[in-house]
Amino acid sequence: MASKVDLHTHTLASDGALSPADLVARAAAHGVNILAVTDHDTCSGLPEAAEAAENLSVTLINGIELSTVWKGIGIHIVGLDVDPLHGSMLAATKYQTRSRNQRAIEIAEKLEKRHMPGVHQNAADIAGTAQIGRPHFAKAMVAMGYVSSEQEAFERYLGAGKVGDVKCHWPSLEQVINWIEKSGGVPVLAHPGKYGMTWTKLRTFLDEFISLGGQAMEVSYGAENPDRLFELCKLAQRYKLMASVGSDFHSPRYSWTEVGKYPPVRGTHDPVWARWT
Ligand code: AMP
Ligand code: MN
Ligand code: MN
Ligand code: MN
């Protein structure tokens, strides 16, 4: 049977809308048989996902998407096939939980100065046991009537370069790659087209990423411009990085993403998923 692969997805453990079991079921329904669950800065959804995957004959890859900052740019590094119980992964998620909780306080302070008090409690309630993130703030701001949509919350207050885009708590690139490697995982640059970097800047990033142990790069991902794909494949080849693919699925409400959906990979590439097929 041909494999259908999705190596980047989210659940209620971070800012996704589905429980880990429901995500796995949705993946299976869409024909995905190799699935990585990669929640932001947490592995807490993985046990439930593993149980569901076993029942549905889906191969689950234990994953995580770690937040870091490089030259002032917020960057996401996916770790694939990590051991969630390894000391390094436990250290990573503990560090990131503290970072996110501290950042949440600061985001709320910034919003308070913009005459939007009380968002922290509301966002924390919405997040519940999930790793708190900006999407929870966006939902809280809608619920409190400060904005009319989550999109507006990002455009005006939370998106890149806006007042609520607080990045100062993220660990270094070296640190996140180290955590992933030590716990047996493959460090993957997530969605390289989403950082607003020029190709020159991306090449500078890749030099450093590789020198620190980076091994792969997403070449195709959900809602991405298919034209960029060919260039990213070429770049991966040139830098001897393995290629990864994933939808970055968050919610069935977002009609532009679906589990297992991303532009088909053309061009030559060395698939990171070959080892799991
Ligand atoms: P955080 O990890 O808390 O910094 O939040 C980043 C997350 O917010 C991303 O993973 C997306 O799921 C979501 N996000 C980022 N930008 C936007 C946007 N413009 N509109 C809606 N969601 C966004
Ligand atoms: Mn997200
Ligand atoms: Mn991301
Ligand atoms: Mn993601």
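Okay, let's start with a pattern in the sequence: the donors of the manganese ion, ligand 3, follow the spacing E-x10-H-x114-H along the chain. Keep in mind that this is a predicted model. Which residues are those donors? On the protein side they are Glu65, through OE, His76, through ND1, and His191, through NE2, and they lie 2.1 to 2.2 Å from the ion. Glu65 sits in strand E3 and His76 in strand E4, so that pair ties together parts that are 11 residues apart in sequence. And are Glu65 and His76 buried or exposed? Both are buried.

Now, hang on to Glu65, since we meet Glu65 again at the manganese ion, ligand 4. There the protein donors are His8 (NE2), His10 (NE2), Glu65 (OE) and Asp248 (OD), at 2.1 to 2.2 Å. Written as a spacing, that's H-x1-H-x54-E-x182-D. Here His8 and Glu65 link distant parts of the chain, 57 residues apart: His8 is in the loop between strand E1, residues 5–6, and helix H1, residues 20–29, while Glu65 is in strand E3, which covers residues 59–70. His8 is buried, and Glu65 is too.

There's also a manganese ion listed as ligand 2. How far is ligand 4 from that one? The two are 4.7 Å apart. For ligand 3, the separation from ligand 2 is 5.6 Å.

Next, the largest pocket. Its volume is about 1,400 Å³. You'll recognise one name here: His76, together with Arg134, Pro135, Phe154 and Lys194, lies nearest the pocket's centre, out of 43 lining residues. What kinds of residues make up that lining? We get 11 nonpolar, 16 polar and 16 charged. Several elements each supply at least two of the lining residues: E3, strand E4 (73–80), helix H3 (87–113), helix H5 (134–143) and helix H6 (150–158).

Last stop is helix H7, residues 173–182. Its buried residues are Leu173, Val176, Ile177, Trp179 and Ile180. Looking down the axis of H7, these buried residues fall within an arc of 160 degrees, so they line one face of the helix. The general background is that an α-helix has 3.6 residues a turn, so residues three or four places apart point the same way. And what covers the buried residues of H7? The cover includes E3, E4 and H3, along with strand E5 (186–189) and helix H8 (199–211). Just after H7 comes Gly184, with a positive phi of about 85 degrees.

That's my tour, thanks.

Key: Residues are numbered from 1 along each chain as its sequence is written. Chains are lettered from A and ligands numbered from 1 in the order in which they are written. This is a predicted model: local features need pLDDT of at least 70, side-chain atom pairs count only at pLDDT 80 or more; totals for chains, interfaces and linings use all residues. Side-chain values use heavy atoms; hydrogens and water are left out. Donors are N, O and S atoms within 2.8 Å of the metal (3.2 Å for Na, K and Ca); water is not among the atoms, so sites may look incomplete. Helices (H or I, at least four residues) and strands (E, at least two) are DSSP runs, numbered from the N terminus. Buried means under 20% relative accessible area, exposed over 50%, partly exposed in between (1.4 Å probe, protein chains only). On a 1 Å grid over the protein atoms alone, a cavity is a set of points where a 1.4 Å probe fits but cannot get out, and a pocket is an open set with protein on both sides within 12 Å along at least five of seven lines; lining residues have an atom within 4 Å of a point. Grid points are joined across faces, edges and corners, and a volume is the space filled by probe spheres set on the points. Ala, Val, Leu, Ile, Met, Phe, Trp, Tyr, Cys and Pro count as nonpolar, Asp, Glu, Lys and Arg as charged, and the others, Gly among them, as polar. The arc is that of the directions from the helix axis to the C-beta atoms. Contact means heavy atoms within 4.5 Å.
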